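Thanks, I'll keep this short. Please have the sequence and the model up on your screens while I go through it.

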Amino acid sequence: MKYYIKTFGCQMNERDSEKVEGILLDNNYEKVEEAEQADLIIINSCAVREKAENKLYSEIGRLRFKNKKATIVAMGCVAQINYEKLKNLADVVVGTNTIDEFYNIVKKQGISGVFIKPSMDKPDYIFPHLNRITSYIDIMYGCDNFCSYCVVPYTRGREVSRKREAIIEEIKELVDKGTKEVMLLGQNVNSYGKNFNYGFVDLLYEVNKVEGLERIRFTTSHPKDFSKDLIYAIRDLKKVCEHIHLPIQSGSNKILNLMRRKYTKEEYLEKVHIYKEIVKNGSITTDIIVGFPQETEEDFQETLNVLEEVKYDTSFSFKYSKRAFTKAKDMDGQVPEEDKMKRLNLLQDLQAKITQEKLKTYENRIVEVLIEGVSKKGNQFFGRNRQNMVVNLDFMDNIKAGDIVKVKITKAFKHSLLGKVI
Ligand code: SAH
Ligand code: SF4
């Protein structure tokens with residue numbers, strides 16, 4: 001049996017796709033890169049914005065046309081919330097919390113049905129990984145924050161943390177197979193362990209002890225829960241990389257309040273200030289939504305001001321998109337599409353300038369790079385420095401993927417750095 005898989009969306013979706021692939025490979029399926037050759041076509045969907053959701057529908061149509069015989073499975077966030085519609089389009093609909101049953105569900109080719117559960121009841125289950133130098137590790141599922149624009153609490157269910165023992169066991173197994181770096185994943189890692197007597201910082205201390213593991217990253221930090229203890233842990237724990245992803249969403253307190261983010265711009269900036277003071281050479285990235293209901297030009301200007309002040313290494317910016325179930329979709333003062341577009345362009349232009357300035361500061365500096373692989377053309381290695389910037393290196397015989405090397409940066413490009421091993 002052959003499968004083809006296509007993944008949309010965030011790192012959690014990438015991890016879910018990997019789980020499904022692991023399950024299929026364990027059951028003698030073979031991966032193919034062309035949908036035409038597959039018996040099973042899987043599309044892992046993203047619901048965070050309307051455009052992402054629509055991609056699932058067009059992709060089902062396109063792949064059905066290419067391969068009329070295959071069983072089509074729609075999984076992921078859209079599957080979880082829109083199964084009524086998907087029932088008529090896909091053969092099998094698998095929600096975000098039924099992945100552990102994936103194989104049983106698809107075992108019989110041609111089986112059809114909808115498999116949705118509201119929440120994860122086996123959070124400590126250890127799913128397969130496809131061995132990688134960098135491995136994604138779920139440390140928690142779901143989200144309890146209910147930001148007024150966001151569909152994630154509906155697609156991923158209530159927040160549940162995995163036990164420390166399961167996480168450490170999973171990481172140890174991966175390190176034995178060659179993993180050098182882990183990315184700890186959660187919608188709000190800072191609230192990890194809410195119902196345990198240990199929290200995220202305690203978890204970081206434990207992960208830091210795993211022998212053979214070289215680097216630890218994590219995402220996402222919610223600014224309301226981002227703590228000084230965590231900042232000290234980033235400074236003190238050797239393996240924890242000096243990078244935080246701290247989504248601000250907006251620089252206007254009025255909008256932050258409407259978004260139900262539970263912090264003010266001032267509180268946010270204070271935390272960034274402390275982070276920059278304590279963590280030397282720390283990088284910082286963010287997410288921003290433009291054109292949230294009632295956002296005026298002045299509110300938007302405040303967001304631009306925050307960009308100038310924080311000088312993010314990168315930011316991921318989006319036009320506000322109405323989502324089912326959310327409070328914001330019914331708010332007054334929806335912003336016209338053309339204003340959203342204009343603001344997005346302005347913001348992205350400013351960020352591009354800042355990113356370029358930040359990357360330039362690395363020229364002639366020496367950084368530590370974990371080599372992740374060889375470029376498509378085969379003439380360069382690529383990897384990341386501790387601050388999470390992509391670094392390319394000319395091909396050399398005596399280094400390989402998985403090595404950590406010292407590199408002198410020779411040139412900054414638009415989104416990456418070029419360097420020489422020293
Ligand atoms: N848990 C993470 C974010 C997960 S969603 C956090 O709290 O930061 C990833 C990003 O998508 C969000 O940070 C936000 O910037 C964007 N996003 C979420 N819902 C959106 C919507 N309705 N319209 C536009 N962007 C949205
Ligand atoms: Fe969505 Fe807010 Fe939860 Fe992030 S914290 S997943 S933005 S509800």
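A polar side-chain atom of Gln-249 sits 2.7 Å from an oxygen atom of ligand 1. This is a predicted model, so every distance I quote is computed from it. Two contacts involve nitrogen on the ligand. For Gln-187, an N or O atom of the side chain is 2.7 Å from a nitrogen atom of ligand 1. Tyr-149 uses its backbone instead: an N or O atom there is 3.0 Å from a nitrogen atom of ligand 1. How much of the ligand's area does the protein cover? Ligand 1 has 540 Å² of accessible area on its own, and 90% of that is covered by the protein.

Now the rest of that shell. There are 15 residues around ligand 1, and Asp-287 and Ser-321 are among the five that come nearest. By class, six are nonpolar, four polar and five charged. Strand S13, residues 283-290, and strand S14, residues 314-319, supply at least two shell residues each.

Next, ligand 2. The residues surrounding ligand 2 include Cys-143, Cys-147 and Cys-150, along with Tyr-149, Gln-187, His-222 and Arg-261. That shell has seven nonpolar residues, three polar and one charged.

Last, the domains. The assignment places domain 1 at 2-115, domain 2 at 134-360 and domain 3 at 366-421. The C-alpha centres of domain 1 and domain 2 are 28 Å apart. In the contact between these two, 17 residues of domain 1 meet 19 of domain 2. About 1,700 Å² is buried between domain 1 and domain 2, with carbon and sulfur atoms giving 53% of it.

Terms used:
Residues are numbered from 1 along each chain as its sequence is written. Chains are lettered from A and ligands numbered from 1 in the order in which they are written. This is a predicted model: local features need pLDDT of at least 70, side-chain atom pairs count only at pLDDT 80 or more; totals for chains, interfaces and linings use all residues. Side-chain values use heavy atoms; hydrogens and water are left out. A residue is near a molecule or strand if one of its heavy atoms lies within 4 Å of it. A polar contact is a pair of N or O atoms within 3.5 Å; within protein, one must be able to donate a hydrogen and the other to accept it, and residues adjacent in sequence count only if both atoms are side-chain atoms. Accessible areas come from the Shrake-Rupley method with a 1.4 Å probe; for residues, only the protein chains shown count as cover. Helices (H or I, at least four residues) and strands (E, at least two) are DSSP runs, numbered from the N terminus. Ala, Val, Leu, Ile, Met, Phe, Trp, Tyr, Cys and Pro count as nonpolar, Asp, Glu, Lys and Arg as charged, and the others, Gly among them, as polar. Domain bounds come from an automatic or database domain assignment. Contact means heavy atoms within 4.5 Å. Buried area is the accessible area (1.4 Å probe) that two parts lose on being put together, summed over both.
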